[in-house]
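Open the model in your viewer and keep the selection panel at hand. The stops below go from chain contacts to strands and helices, and end at a single residue.

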Protein chains: 4
Amino acid sequence: MHEIQINVRVRYPECDPMGVAHHSVFPIWMELARTDLLRQTGMTYRECEAAGVYFVVTKMSVSFKAPAHYDDELTIIAKVTQVSRVRIDHGYEIKRGDDLLATAETTLACVGADGRVRAIPDSIGGR
Amino acid sequence: MHEIQINVRVRYPECDPMGVAHHSVFPIWMELARTDLLRQTGMTYRECEAAGVYFVVTKMSVSFKAPAHYDDELTIIAKVTQVSRVRIDHGYEIKRGDDLLATAETTLACVGADGRVRAIPDSIGGR
Amino acid sequence: MHEIQINVRVRYPECDPMGVAHHSVFPIWMELARTDLLRQTGMTYRECEAAGVYFVVTKMSVSFKAPAHYDDELTIIAKVTQVSRVRIDHGYEIKRGDDLLATAETTLACVGADGRVRAIPDSIGGR
Amino acid sequence: MHEIQINVRVRYPECDPMGVAHHSVFPIWMELARTDLLRQTGMTYRECEAAGVYFVVTKMSVSFKAPAHYDDELTIIAKVTQVSRVRIDHGYEIKRGDDLLATAETTLACVGADGRVRAIPDSIGGR
């Protein structure tokens, strides 16, 4: 299964008055890793959209273990955990060095320009 | 169990190139409902923090059923589903009129200024 | 000239580790007031876009006088200060009660679906 | 005068229904460049805050010339344009390759933990 690892540095406005990254930012980092994983297949998400292939998040869950602070350099690990004809599941780890800050899962559905579910193209890992 | 219903209008920068609210915005709306629910107990989250009582999200999961579009007026329903000595679980429904757009759950842990788990004060629903 | 006044409550993730609303959030509140001002003319920005009329910000400047804190209820005052065939200027005041927290100005250009500058339709205040 | 150049890739949720980066995101990118410029002096903004030295934006203005699209790789150029005892002015260029997308200016004031204006420490370029 495909896997990727990207680095992000925690931005100041991503942090809240507790001085830590707000929980709503983790899905944004996860999406960054996920789109870079797609890029590895030779296609960018921008090209997908231009071709009328969209992915929408239908489920996400995040489990937070420790906070990320401003200016921390984090590693986001994303991998494909399951692929069906119309859906892709990903699993994630958000780490700072060896410390695991969060784990997460998402399910994406492939939709066309009309918003209706469609088969994932073979070229980007569909089957 | 406590329950609340708030209205939010989808903001332009909350929407992405698909023209719909990005999935990372739903946790922000859920938090708005949750803090208004706390306000009903007679205490604002601002007062909690001033008193050295913080709540951190340790788990969240969202299930998306239909997209929210720019300028939609949404209803966010939040209710307490379980309370332990140090944790509060909430359940959420995000609706546009009668249409259910998403359901969600979160778990919050009560922590002190030192970041360590502590008992939820009686005054705000602890037991 | 048209003028409007809206209320916004400062959201938790809009605040940074200093405990105050990050400066990048003010343009978002200004846009909320501006689109409500447009709504007064009987047209929503969503309807504008559906009709192939878009407004893009070509200039903005904000002068910050005092911070806005989490949970503050603010008043955003927006008014049209100048209209040309293709541009609209707005002026803003961001207040908490009688305290003036910021003043701002923006210039919007009217563009078509092709991104090229076009005349503002009469129906929404063009001349 | 100090100058820096950083690269940022436009994130999906930074883009709005027009498919371009929302104007409120530019100040966030400018801040990223500005804090990296500070890092060059041998001090991070995190260290500044830990030492009770804060910088608040008192003025910002941005002039937008062309849109930034999703997944664009941008260059943010930031330089110090003026320093007084308590204030620092920066100038910015936001570019995609050779195309200039925006120019901007900010004024920061140095404040202490009490929020009152104070002299910029010598160690980070004060005079």
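Select chains B and D of this predicted model. Of the interface residues of chain B, 100% are also interface residues in chain D, so the copies meet through the same surface. In this pair, 9 residues of chain B are in contact with 9 residues of chain D. Colour the side of chain B that touches chain D by residue class: 5 of its residues are nonpolar, 3 are polar and 1 is charged.

Now superpose the two. A turn of 180 degrees, with a shift of 0.0 Å along the axis, lays chain B on chain D with an RMSD of 0.0 Å. That is the relation of a two-fold axis.

Next, hide chain D and show chains A and B. Here 14 residues of chain A are in contact with 14 residues of chain B. Which elements of chain A each supply at least two residues of the side that touches chain B? They are helix 1 (26–40) and strand 2 (54–64). Strand 2 of chain A gives the largest share of that side, 9 residues. By class, the side of chain A that touches chain B holds 8 nonpolar residues, 5 polar and 1 charged.

Stay with this pair and select residues 54–64 in chain B as well, which form its strand 2. Strand 2 of chain A and strand 2 of chain B run antiparallel and are joined by 5 bridges. For one position in this pairing, label Val62(A), which stands opposite Met60(B) in strand 2 of chain B.

Chains A and B also superpose: a rotation of 180 degrees with 0.0 Å of shift along its axis puts chain A on chain B, with an RMSD of 0.0 Å. Which residue of chain A comes closest to the rotation axis? Select Ser61(A), whose C-alpha is at 1.9 Å from that axis. As for the surface used, 100% of the interface residues of chain A are also interface residues in chain B, so the copies meet through the same surface.

Move on to chains C and D and show them as a cartoon. Follow the open sheet of 10 strands in the order 1(C)-3(C)-4(C)-5(C)-2(C)-2(D)-5(D)-4(D)-3(D)-1(D); the pairing is antiparallel. The edge strands are strand 1 (3–9) of chain C and strand 1 (3–9) of chain D, each pairing on one side only. From one strand to the next, the twist averages 25 degrees.

Within chain D, select strand 2 (residues 54–64) and strand 5 (residues 99–111): these run antiparallel, with 10 bridges between them. Ser63(D) stands opposite Thr103(D) in strand 5 of chain D.

Add the helices. Helix 1 (residues 26–40) of chain C packs on the sheet and touches strand 1, strand 2 (54–64), strand 3 (73–83), strand 4 (87–96) and strand 5 of chain C. The direction of helix 1 makes about 135 degrees with that of strand 1 of chain C. In chain D, helix 1 (residues 26–40) lies across strand 1, strand 2, strand 3 (73–83), strand 4 (87–96) and strand 5 of chain D, at about 135 degrees to strand 1 of chain D.

For the last stop, select Asp114(C), in the segment after strand 5 (99–111) of chain C. Is Asp114(C) buried or exposed? Asp114(C) has 8 C-beta neighbours inside 10 Å, so this residue counts as exposed. Then draw a distance from Asp114(C) to Ile6(C): the two are 108 residues apart in sequence and 32 Å apart in space, C-alpha to C-alpha.

Key. Residues are numbered from 1 along each chain as its sequence is written. Chains are lettered from A and ligands numbered from 1 in the order in which they are written. This is a predicted model: local features need pLDDT of at least 70, side-chain atom pairs count only at pLDDT 80 or more; totals for chains, interfaces and linings use all residues. Two residues are in contact if their C-beta atoms, placed from the backbone, lie within 7 Å. Helices (H or I, at least four residues) and strands (E, at least two) are DSSP runs, numbered from the N terminus. Ala, Val, Leu, Ile, Met, Phe, Trp, Tyr, Cys and Pro count as nonpolar, Asp, Glu, Lys and Arg as charged, and the others, Gly among them, as polar. Two strands pair if DSSP finds at least two bridges between them. Copies are superposed by least squares on the C-alpha atoms of residues with pLDDT of at least 70 in both. A residue is buried if 20 or more other C-beta atoms lie within 10 Å of its own, exposed if 12 or fewer, and partly exposed in between; C-beta atoms are placed from the backbone. Axes are lines fitted to C-alpha atoms, for helices over the stretch in contact, and angles run from 0 to 180 degrees between N-to-C directions.
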